[in-house]
Amino acid sequence: YGSTRPERILAEVKSKATRGDARSVVDTIDQYCRHQEWAMNVGDEKGTILDSIVCEVKPRAMLELGTYCGYSAVRIASLLPPNSRLITMEFNPVFAAIARQVIAWAGVEDKVVLIEGPSGDWIPKMKKEFGLTSFDLVFLDHWKDCYLPDTKLMEECGLLRTGSILVADNVICPGAPDYLEYVRGSPRYESKYFRSHLEYTRVEDGIEKSVFLG
Ligand SMILES: Oc1cc(-c2ccc(F)cc2)cc2nccnc12
Ligand SMILES: [Mg+2]
């Protein structure tokens, strides 16, 4: 029986990355996905944009929608200030099982809470489950047709406060046109596009950063 792409990525991390070193896990995955087999990590180029926003915001409470193999969870967690938390949500159990191991190998498991299941089910439960008031920063990197409904759900559930920031991957490729139209057209958001490329390729893609104005 064949291995899956996430399993091959985990194997590469375990054989090449230094245990407890988040940066070496990130670099190992980038190296593998650029030169061996492409995978849908946010990647090094867009990852640098994400890093700058995380460092600027210094979130106490951050949410990631779409964990995949844990690449961006590790990247983000390595930048979080002490006693901050990243909650990352993954629908696919195979991806979640791999991500747990990648996060552990990187040594950031005390900053990351991985929850499995559909975002639509979990978002309404977040406040109670995690004793949260709101998220300072949300990274949307799951299925593109969920960006808009999940954003509206976060608004309705009071998970966004004045100044909360949404960062969305793949707004060009594969694209999230309804989401873009919403955040760019709504008076409740101040939106900015960071032009970049689809991970490990020369195809145009970008990140949309949107500040919730309340
Ligand atoms: O960063 C990404 C890229 C792609 C993707 C797949 C196939 C292509 F041909 C192009 C782009 C899908 C994604 N799904 C969820 C989260 N992130 C994704
Ligand atoms: Mg993505």
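The shell around ligand 1 breaks down into 6 nonpolar, 2 polar and 4 charged residues (Ala, Val, Leu, Ile, Met, Phe, Trp, Tyr, Cys and Pro count as nonpolar, Asp, Glu, Lys and Arg as charged, and the others, Gly among them, as polar). This is a predicted model, in which local features need pLDDT of at least 70 and side-chain atom pairs pLDDT 80 or more, while totals for chains, interfaces and linings use all residues. Residues are numbered from 1 along each chain as written, chains are lettered from A and ligands numbered from 1 in written order, and side-chain values use heavy atoms, without hydrogens and water.

Who's in that shell? Among the residues around the ligand are Trp-38, Met-40, His-142, Trp-143, Cys-173 and Pro-174, where "around" takes a heavy atom within 4 Å. Three side chains make polar contacts with ligand 1 (pairs of N or O atoms within 3.5 Å):

| Side chain | Ligand 1 atom | Distance |
|---|---|---|
| Asp-141 | nitrogen | 3.0 Å |
| Asp-169 | oxygen | 3.3 Å |
| Asn-170 | oxygen | 2.7 Å |

On its own, ligand 1 has 410 Å² of accessible area, and the protein covers 73% of that (Shrake-Rupley method, 1.4 Å probe).

Pro-174 from the shell has a quirk: the peptide bond joining Cys-173 to Pro-174 is cis, with omega about 5°. Pro-174 itself is placed in helix α9, residues 171–175. Over in the loop between α3 (43–57) and β1 (61–65), Lys-58 has a positive phi of about 45° despite not being a glycine. For background, most residues other than glycine have a negative phi, and most peptide bonds are trans.

Zooming out, the chain has 10 helices and 7 strands (DSSP runs: H or I of at least four residues, E of at least two). Its radius of gyration is 16 Å, close to the 17 Å from the globule rule for 214 residues, so the chain is as compact as a globular protein of that length (taken over C-alpha atoms; the rule is 2.2 Å times the number of residues to the power 0.38).

Key:
Polar contact = N/O pair within 3.5 Å; in protein donor to acceptor, adjacent residues only side chain to side chain.
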